Structure formats: C-alpha cells, structure tokens
Amino acid sequence: MEAAEAAAAAGAEEEDWDEGEGDGEEEQEEQEQEEEEEEAQAGSSSGASSDGESSSAGGATGDAADVAAAMAAGGSGGAAAGGDGTSAQASAAAAEEVHPVISMPLSGLEEALRGCSTLACLQQAHMRSKHPQQFNFPHFLLLGFPKCATTSLYRHLIQHPTIMAPKYKEPHFFTRFCRQGAGGCQPEEEASYINETLHLGIALQARLFMASFEASTHYSLEGEWLAPKLARDLPWLKLVLSLREPISRWISMLKHNLDNGRVPACYKLSAGAAYPCIRRKLEQREQGYAPRLRAWATAFPPEQLYVLQYENLTSEGVTRKALRDIKRFVGVDPNLPNNDLGLYNSRRSETEGWPMTRKEYARLVELARRDAQEVVELVRQHGWADADRWLEAWEEAWAANLEACRPGPRGACSIQLT
Ligand SMILES: Nc1ncnc2c1ncn2[C@@H]1O[C@H](COP(=O)(O)OS(=O)(=O)O)[C@@H](OP(=O)(O)O)[C@H]1O
C-alpha cells in the first residue's frame, strides 16, 4: 500500500479506474532482456553459428530446413524464432521425417503470403489452398480476459515446438491501431504487426507448420466492435478466452493498478478498502463478461471459439487436462511441451486477503451472480464446458469467503481470491 499512498500523495488519483493493459510492457521488457541474454550467450559460445543468428532476425533470410530441423528436434517456438544455434545443428533429414510435407511444393497459401504486409493481403492469401497440415497465418489469438492466467498460458504455449512465439505478449495491435471508426488500421503498424510481431518470414521458413499467434488481453474487452472486424478480416482465426471468478478478477486488476501507481478515487487509502471500486465495476453490466462473450460468440462459429474457466485451468489435478484440451483445440500435439502451467504475473503472496464486511462482500456476490448466470447460460448454449460445474466453482469460492467472515453483517471478512 505504500506505493499507492505515495502515488496518491503525488496527485495520481483517478476518477475511475480501468483495466490497464495487462502486464504487456513488463512482459515485453522481460522478453527483450531474455533475448539479449540468449544472444549474448550464443555469441560467446564457440558452437554458435552465424546461420542460426541470421534466421533470428524475423526476415526470410534463414534456411527453411534449419527451422524445420529445430521443430523436429523439439526446439521451442521461441528457439526457432530466437535462433539459438540448435536449428543449425539438427539435421534436415530428421525434419522431413517428422514433417514429410516439408519437401512438397509450395502451397498456394504460402506463395500468396510472401511479401504480405496488410491484413487485406493475408485475407486474399487465405483464398488459396494449403496442405492439410499447414496452419493459417496467424492461426489463433489468446484474447484474455485480463487477470485470468493469460501470461502463464502464453508462456506455456510458446514452449511448444510447433507454436511460434510472437515478439512479445500484449502487442494490442487491434485495440491500439485499428479502433472502431478510425478507418481501418494504420498501414505502417499493420506491416510491423505482420512481419515483426507475428514473424511472417519465420512462419514461411517453417513452411506454415508452426502455428503463429499472439496474446492481447484487451481484445476480449472490445468484442463489440473487434469481433465483427476480425470475423471479416481474418475469418479463419481460432480464439481462446479465459474467465475467472469476477470478484477475484477485479481485485487482481485493482492490485495491478495500485502496483503501477494508478490509485482510483474509489479506493479508500485509510482502510485499504477495495469494496467501492469493485462494486462500481460489478454494477456496470457492460463491464461484465456476458456482453463481451456474446459478441465473440455471435461473430465467430462455435468451432473457432474456446472458452475456459480459470479455476479449472489452475486447479491442481485438472491443469494437465485443461492444457491438453486447449492444445487440441488449437490443433497442435497436446502432449507437448509438458503439463505445467507455471505461475507468472502473480501477486498471490503479497496480501493476506482483502478486508471487507460480510454485508459488503455479500453485495458483491449478488452483483457478480447476475453476470455469472448469463455467462453460464452462454456456456450451456454453446457447450464450451459443463455449465453447472462452472457455476458451482464460482459459488463455492463465494461461499468459502462468506463462511470465513466473522458473524454479523458488519463482521469482518478477509477475502481470498480464486
Ligand atoms: N498457475 C496459476 N495458478 C493460479 N493462478 C495463476 C496461475 N498463473 C497465473 N495465475 C494468476 O493469474 C493472474 C495474472 O493473470 P494474467 O497473466 O492474465 O494477467 S494480465 O492480464 O496479463 O496482467 C495473477 O493473479 P493474482 O496473483 O491474483 O493477481 C496470477 O497469480
């Protein structure tokens, strides 16, 4: 809370508070640092080849067999994208054994994608045929929601040998550069998104046998205009959404804001009271999951949308199955790279719980339940998961928090997040 108090004292109080932009920038800095370290290591290692380095630039300068060999050797998407020398060491013959189609003639899609630097070009290219094992470009998006373990999921996916790491998490291309009414996306940003963020050159080197994706959590929030746009521009996309018990998600988001020195006016510094801020969010129906989910489900066919529950993804004993199901949906080997989700971007150990009265928490639950029931109806209608179990998981979390409060409506609760 000290940082929050300091920021407030410095005049950083805000009228309302928003969802920030995930931890994208921190993630970006972290990844850039990791890449620099990897490059430094590769540079100092006597085995590092210049070929491996040249294929790391994101252009179409490397040898396709190198990239494919890295895939055959089980190297990570990050390794293929980052060029760490393994690709040069592995044999092209091994790659062809794993991906026999690598020796096949270029597909129409590959030919048409060469040199693309606009979304319109990608769309035109996808009118052409491809080999059945090839992925579309880009193949899928991790849309959010913010604070629903998207960083852990992203980190897991980029280790997969047939998933290509984008340049960093949270590029927010569509929500930053293609906003509604702006007359399409900014052309230079479009080119940079396709070639630098999504690495079209490397995808082509890998003969489209690696799935390209990116993860921007704000996309989920802007489904109303973005879902129809994406359905129009990139209609083949597969989309993944994760949803967490709403009170926990909002508290996690609030903490994220406070940590970044954004102290909303609703946040009472003296009491450290999250209640007014969370209530305010839950009262606004348009800030709930249901309207956003509905927008995505209306724009995309059911087989292209995967909606999962954070509590299911992160529950001990269930994570393995949840991860496998996501990878099966995306169309990559569900057994790779492992069964571990990891724990990234966590603030779990930083607080004992969030103080609130029983009456306050009960009010939040009442508000959260309205949206949750709509979500559950959508889950049922679209068959995304077991709808009854979904609601139970959230009801259990609410009941556990209420049970742990001291008696009486003014009794003290220490709210634990899912
Ligand atoms: N494996 C696992 N198990 C349980 N919880 C997990 C796991 N991985 C991530 N998390 C929690 O997810 C929260 C961060 O979510 P995101 O990475 O989506 O945040 S962000 O929107 O990108 O900023 C963040 O929640 P809080 O700690 O409550 O803030 C993480 O702790």
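**Stop 1: the strands β3, β6 and β8**

Start by selecting β3 and β6 in this predicted model: the two strands run parallel and are joined by 4 bridges. To find one spot on this pairing, pick glycine 144, whose bridge partner in β6 is leucine 241. Now colour residues 238-243, the whole of β6, by accessibility: 5 of the 6 residues are buried, so the strand is mostly covered.

Keep β6 on screen and add residues 305-309, which make up strand β8. This pairing is also in the parallel sense, and it extends over 5 bridges. Serine 242 is a good residue to label here, as it stands opposite leucine 308 in β8.

**Stop 2: Lys147**

Go back to β3 and follow the chain past its end. Between β3 (140-144) and α10 (150-157) there is a loop, and lysine 147 lies in it. The UniProt record, an unreviewed entry, lists Lys147 under "active site". Is this lysine buried or exposed? Lysine 147 has a relative accessible area of 11%, so it counts as buried.

While you are here, select cysteine 148 too. Its relative accessibility is 0%, and it is therefore buried. Why does cysteine 148 have no disulfide partner? The closest cysteine sulfur belongs to cysteine 277 and is 19 Å away, which is too far for a bond.

**Stop 3: the disulfides**

Next, show every cysteine as sticks. A disulfide is a covalent bond between the sulfur atoms of two cysteines. With sulfur atoms required to lie within 2.5 Å, the count is 4 disulfides. Numbering the bonded cysteines along the chain gives the pattern 1-2, 3-4, 5-6, 7-8. Three of the links are on this tour.

- Select cysteine 116 and cysteine 121, a disulfide with 1.9 Å between the sulfur atoms. The torsion about the S-S bond is about -75°, so this link is left-handed. Cysteine 116 is buried at a relative accessible area of 1%, whereas cysteine 121 is partly exposed at 24%.
- Move on to cysteine 266 and cysteine 277, whose sulfur atoms are 2.2 Å apart in a disulfide. Here the S-S torsion is about 110°, so the link is right-handed. Cysteine 266 sits in the loop between β7 (263-264) and α17 (275-283), while cysteine 277 is in helix α17, so the pair ties together parts that are 11 residues apart in sequence. Both cysteine 266 and cysteine 277 are buried.
- Finish with cysteine 405 and cysteine 413, joined by a disulfide with an S to S distance of 2.1 Å. This link is right-handed, with 105° about the S-S bond. Cysteine 405 is buried, with a relative accessible area of 8%, and cysteine 413 is buried as well, at 5%.

**Stop 4: the salt bridges**

Switch the display to charged side chains. How many salt bridges does a search of the whole structure find? The search finds 19 of them, and the following pairs are worth a click.

Begin with glutamate 111 and arginine 128, whose side chains meet at 3.5 Å, N to O. This pair links distant parts of the chain, 17 residues apart: glutamate 111 is in helix α8 (residues 108-113), and arginine 128 is in the loop between α9 (119-125) and β3. Glutamate 111 is partly exposed at 43% relative accessibility, and arginine 128 is partly exposed at 41%.

Then centre on helix α21 (residues 358-382), which holds both arginine 363 and glutamate 366, 3 residues apart, about one turn of the helix. Their salt bridge has an N to O distance of 2.9 Å. Arginine 363 is partly exposed, with a relative accessible area of 30%, and glutamate 366 is partly exposed at 46%.

In helix α22 (residues 387-403), look for arginine 389 and glutamate 392, again 3 residues apart, about one turn of the helix. These side chains form a salt bridge at 3.0 Å, N to O. Arginine 389 is partly exposed at 36% relative accessibility, and so is glutamate 392 at 41%. For a network, select Lys255, Asp259 and Arg347, which are joined by salt bridges that share partners.

**Last stop: the whole chain**

Zoom out and show the cartoon: the chain has 22 helices and 10 strands. Of its 418 residues, 53% are buried. Among contacts with a separation of 6 or more, 79% are between residues 24 or more positions apart. Turn on the surface to end the tour: the accessible area is about 18,000 Å², and carbon and sulfur atoms account for 48% of this.

Note on methods
Residues numbered from 1 in each chain as written. Predicted model: local features only at pLDDT ≥ 70, side-chain atom pairs only at ≥ 80, totals over all residues. Heavy atoms only, no water. UniProt positions renumbered as here; feature names shortened; annotations may be inferred. Buried < 20%, exposed > 50% of the residue type's maximum accessible area, 1.4 Å probe, protein only. Pairing = 2+ DSSP bridges. Contact = heavy atoms within 4.5 Å. Areas by Shrake-Rupley, 256 points an atom, 1.4 Å probe, with all protein chains shown as cover. Salt bridge = Lys/Arg side-chain N within 4 Å of Asp/Glu carboxyl O.
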